Amino acid sequence: MPRIPASLEALDEVAGYVHALAERAGLPASRAHRLRLAADELATNIVVHGYRETKGELGVEGGVEDESVWLRFEDDAQPFDPRDGLQTPEQDVPVAQRRIGGLGVYLALTALDGFTYERVAGRNISTLRIRRDGAT
Amino acid sequence: MAFTATLSTDADIATIYLAGELDASTAPDFHEAIDDAAATGAGRLVIQAADLTYIASAGLRALVFARQKLGDDIVIVITGATEPVIRVIRMAGLDRSFEMTSS
């Protein structure tokens, strides 16, 4: 599994990896964008909340299957299920009073067609999935 | 990825021109431009987004910060946003919080 330093500055590499993966899968632009957004938000979370901006590594791997494209992140930060931070935007609350945490996870999970998280042998493993056909 | 946030003022209008990708690593620059725009005391903030190719939640948080910092009396207009940017603003339910125009 290719590894990158777990830092915000290195996340362009994730974007580049996702771009190449989406191209290989022939994803239309809107789906490629959804996968990139979700990957960016979840990788940012691993850097900021998982490693708490201390040194670490982020494994990135992906593949193309008949029906979907998958992308997997692996890290050995503290146990961290991104869904724990999920908050639905408070649409009824005026923006001036709105709490603004949890938005990244909300965007990521909304953008994806599938998401799983596992803690295996001291590692956090997140798998992101986007369908290749059907509605955009 | 390259990102720039450039502030200019003309009469009572402050304009922030955004270009590139607005994510967690570049949002502090936008944040700073919003602080500077607020300090001008302009009655209207225009965010030119035609050359903004990507926005992540960190960028949305900066927009919410702008709304909270400037208060309700100051109009914030986002102009020329591209499809990927509009989509994310909508996903977050923020499209009703800002005036959005096509150019």
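1. A bit of vocabulary before the pairings: two strands count as paired if DSSP finds at least two bridges between them. With that in hand, take chain B, where Ala5(B) stands opposite Leu18(B) of strand 2. Leu7(B) has its own opposite number in strand 2 of chain B, namely Ile16(B). Keep in mind that all of this comes from a predicted model.

2. Those residue pairs belong to a longer ladder. Strand 1 (residues 3-10) and strand 2 (residues 13-22) of chain B run antiparallel and are joined by eight bridges. What do the two strands form, and how many residues lie between them? They make a hairpin, with two residues in between. If you check backbone torsions, look at Ala11(B) in the turn, as its phi is positive, at about 55 degrees.

3. Now the whole sheet of chain B. It is open, has five strands in the order 1-2-3-4-5, and its pairing is mixed. Strand 1 and strand 5 (99-101) of chain B are the edge strands, each pairing on one side only. From one strand to the next, the twist averages 20 degrees.

4. Helix 2 of chain B packs on that sheet, where it touches strand 2, strand 3 (44-55) and strand 4 (75-79) of chain B. Its direction makes about 175 degrees with that of strand 3 of chain B.

5. Over to chain A, which has three helices and five strands. Along the sequence they follow the pattern β-α-α-β-β-α-β-β. The strands of chain A form an open sheet too, five of them in the order 1-2-3-5-4, and here the pairing is antiparallel. Why is one side of strand 1 (3-5) and of strand 4 (114-120) of chain A left without a neighbour in the sheet? Both stand at the edges and have a single partner strand each, so there is nothing in the sheet on the other side. The twist in this sheet averages 20 degrees from one strand to the next.

6. At one of those edges, strand 1 of chain A pairs with strand 2 (residues 57-64) of chain A over three bridges, in the antiparallel sense. Pro5(A) has Glu57(A) in strand 2 as its bridge partner.

7. Two helices of chain A are worth following against the sheet. Helix 1 (residues 11-25) of chain A lies across strand 1, strand 2 and strand 3 (68-75) of chain A, and runs at about 10 degrees to strand 2 of chain A. Helix 2 (residues 29-50) of chain A packs on the sheet as well, touching strand 2, strand 3 and strand 5 (123-131) of chain A. The angle between the directions of helix 2 and strand 5 of chain A is about 165 degrees.

8. Some global numbers for chain A. Its radius of gyration is 15 Å, which agrees with the value near 14 Å for a compact globule because that is what 136 residues would give. The C-alpha trace of chain A spans about 45 × 35 × 25 Å along its principal axes. Of the 136 residues, 35% count as buried. For contacts in chain A with a separation of 6 or more, residues 24 or more positions apart account for 68%.

9. Last, the interface: 19 residues of chain B are in contact with 19 residues of chain A. On the chain B side, the elements giving two or more residues are helix 2 (57-70) and helix 3 (83-91). Helix 2 of chain B gives the most, with six residues. By class, this side of chain B has 10 nonpolar, five polar and four charged residues.

Methods:
Residues numbered from 1 in each chain as written. Chains lettered and ligands numbered in written order. Predicted model: local features only at pLDDT ≥ 70, side-chain atom pairs only at ≥ 80, totals over all residues. Contact = placed C-beta atoms within 7 Å. Helix = DSSP H or I, 4+ residues; strand = E, 2+ residues; numbered from the N terminus. Nonpolar A, V, L, I, M, F, W, Y, C, P; charged D, E, K, R; others polar. Rg over C-alpha atoms; globule rule 2.2 N^0.38 Å. Buried ≥ 20, exposed ≤ 12 C-beta atoms within 10 Å, placed from the backbone. Axes fitted to C-alpha atoms, helices over the stretch in contact; angles between N-to-C directions.
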